[in-house]
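Here are some notes to read with the model open beside you. I have kept them as numbered points so you can take them one at a time.

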Amino acid sequence: MIRSEGAPRRLLVRMPNWLGDVVMALPALAAVRRAWPDAHITAGAFPSVAPIFEEETDAAPNEILVLEKATEREQLRAGSFDAVLLLTNSFRTAWVARRSAIPNRWGFAASGRSLLLTKAVKRPRGQVHQSAYYLRLVRGLGIGAPKAEPRIVITPRTRERAARFLEDAGVPPGATIVGFAPGAAYGHAKRWPPERVARVVARLTKERGVTCVLVGAAGDREAGREIESSLPPGVHAVNLIGRTDLRLLAGVLGACRAFVSNDSGAMHLAAAVGVPVTAIFGPTNEKATAPIGDHDIILQQVFCRPCMLRECPIDHRCMKRIGANQVYEAV
């Protein structure tokens, strides 16, 4: 059970399911770590995002529990946790925590799950950044949680692995690298047109002598092929889309001098490892998910944004009105 001073002995922090959200939740987890230095804190996350904790973060959990959806309840029960902090909003995760017999269950009162929680924190009203949203939850537990930027320090092993990988992919040693994440898991509406990306790549290559690399998940390969097919003769981009795991991606981003991205997990990861980001926003709300820190946010204020739709039902004007020159100058 919870000790008299309020600190749990064994705490599970159930991390969000998406990479960008995990990065934005790092300051909240770091605040918990500072408040309860003697607690054994486990970060519970799905395999797609759990490896980020193998790099160095201020959050510094004692243990990483890689969750499998089919057996999550059994995994939580086996951990003998006396408390769980749910950084997720879903009913399912609260139900799993309740069925796993964890006595203290904390989270936002969302999705009809208040009766499953022993401490249900009222959700903030109005528009708040997602990172501030997680900090509000921690403050609701009585923990001091000042505003902070997510920070990830790439380990030497990952840096060396990334350097070898880039060299094998044809990136010259000592090259000035600008990374591009042309895809987005949320949907096509978040993607800046690939031919515009190609124009920026061409200018950076010809005018600045930059080596441009494309990164992303396997589902972004179509966007990568469209960019490559739109490049003028003599201009080449190193296409790494679908070829990196999460830690290798972090290492590649750490090697970049600048990064261009749609609203995506890679955008937040790049910002957290300290790379200046040019972030292109269309249907999503930059007030909620902009990269934290000194970065450039590129958008066009059209009447229909932020619509939060996965596919544009009209003419994709929020993205098509962002010009290649505007993005090039930001980089």
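1. A reminder before we start: this is a predicted model. Every value below is computed from it, so please read the points in that light.

2. Let's begin with the largest pocket. Its volume is about 1,400 Å³, and 50 residues line it. If you would like to find the middle of the pocket on screen, look for Trp18, Leu19, Gly20, Asp21 and Gly265, the lining residues nearest its centre.

3. Which helices supply the lining of the largest pocket? At least two residues each come from helix H1 (19-35), helix H4 (130-139), helix H8 (246-254), helix H9 (265-272) and helix H10 (286-289). H1 gives the largest share, with 4 residues. Sorted by class, the lining holds 23 nonpolar residues, 20 polar ones and 7 charged ones.

4. Next, helix H7, which spans residues 221-230. Ala223, Gly224 and Ile227 are its buried residues to look at. They sit on the same side of H7, because the arc they cover around the axis is only 100 degrees. Turn to the face pointing away from that buried side and you will find Arg225 and Ser229, both exposed.

5. What do the buried residues of H7 pack against? Their partners are helix H6 (194-208), strand S10 (211-214) and strand S11 (238-239).

6. Helix H3 (residues 91-99) deserves a visit too, and Ala97 is a good place to stop in it. Is Ala97 buried or exposed? Its relative accessible area is 0%, which is under the 20% cut-off, so Ala97 counts as buried. Setting aside residues up to four places away in sequence, Ala97 touches Leu76, Val84, Ile102 and Arg105. Of these contacts, the one with Leu76 links positions 21 residues apart along the chain, and the two C-alpha atoms are separated by 7.3 Å.

7. Thr93 is also placed in helix H3. With a relative accessible area of 2%, Thr93 falls under the 20% cut-off and is therefore buried. Its side chain makes a polar contact of 2.9 Å with the side chain of Ser90. Beyond the neighbours within four places in sequence, Thr93 is in contact with Arg14, Leu86, Thr88 and Arg113.

8. Now for some backbone geometry. Most residues other than glycine have a negative phi, and most peptide bonds are trans, so exceptions are worth a look. Ser80 has a positive phi of about 50 degrees, although it is not a glycine. Ser80 belongs to the loop between helix H2 (72-78) and strand S5 (83-86). With 48% relative accessibility, Ser80 is classed as partly exposed, because that value lies between the 20% and 50% cut-offs.

9. The loop between strand S14 (296-298) and helix H11 (317-320) contains Pro306. The peptide bond leading from Arg305 to Pro306 is cis, and its omega is near -5 degrees. Met308 is found in the loop between S14 and H11 as well. Met308 is not a glycine, yet its phi is positive, at about 65 degrees. Its relative accessible area of 39% makes Met308 partly exposed.

Conventions. Residues numbered from 1 in each chain as written. Predicted model: local features only at pLDDT ≥ 70, side-chain atom pairs only at ≥ 80, totals over all residues. Heavy atoms only, no water. Buried < 20%, exposed > 50% of the residue type's maximum accessible area, 1.4 Å probe, protein only. Contact = heavy atoms within 4.5 Å. Arc of directions from axis to C-beta. 1 Å grid on protein atoms, 1.4 Å probe; cavity = no way out; pocket = protein on both sides within 12 Å on 5 of 7 lines; lining within 4 Å. Points joined across faces, edges and corners; volume = space filled by probe spheres on them. Nonpolar A, V, L, I, M, F, W, Y, C, P; charged D, E, K, R; others polar. Polar contact = N/O pair within 3.5 Å; in protein donor to acceptor, adjacent residues only side chain to side chain.
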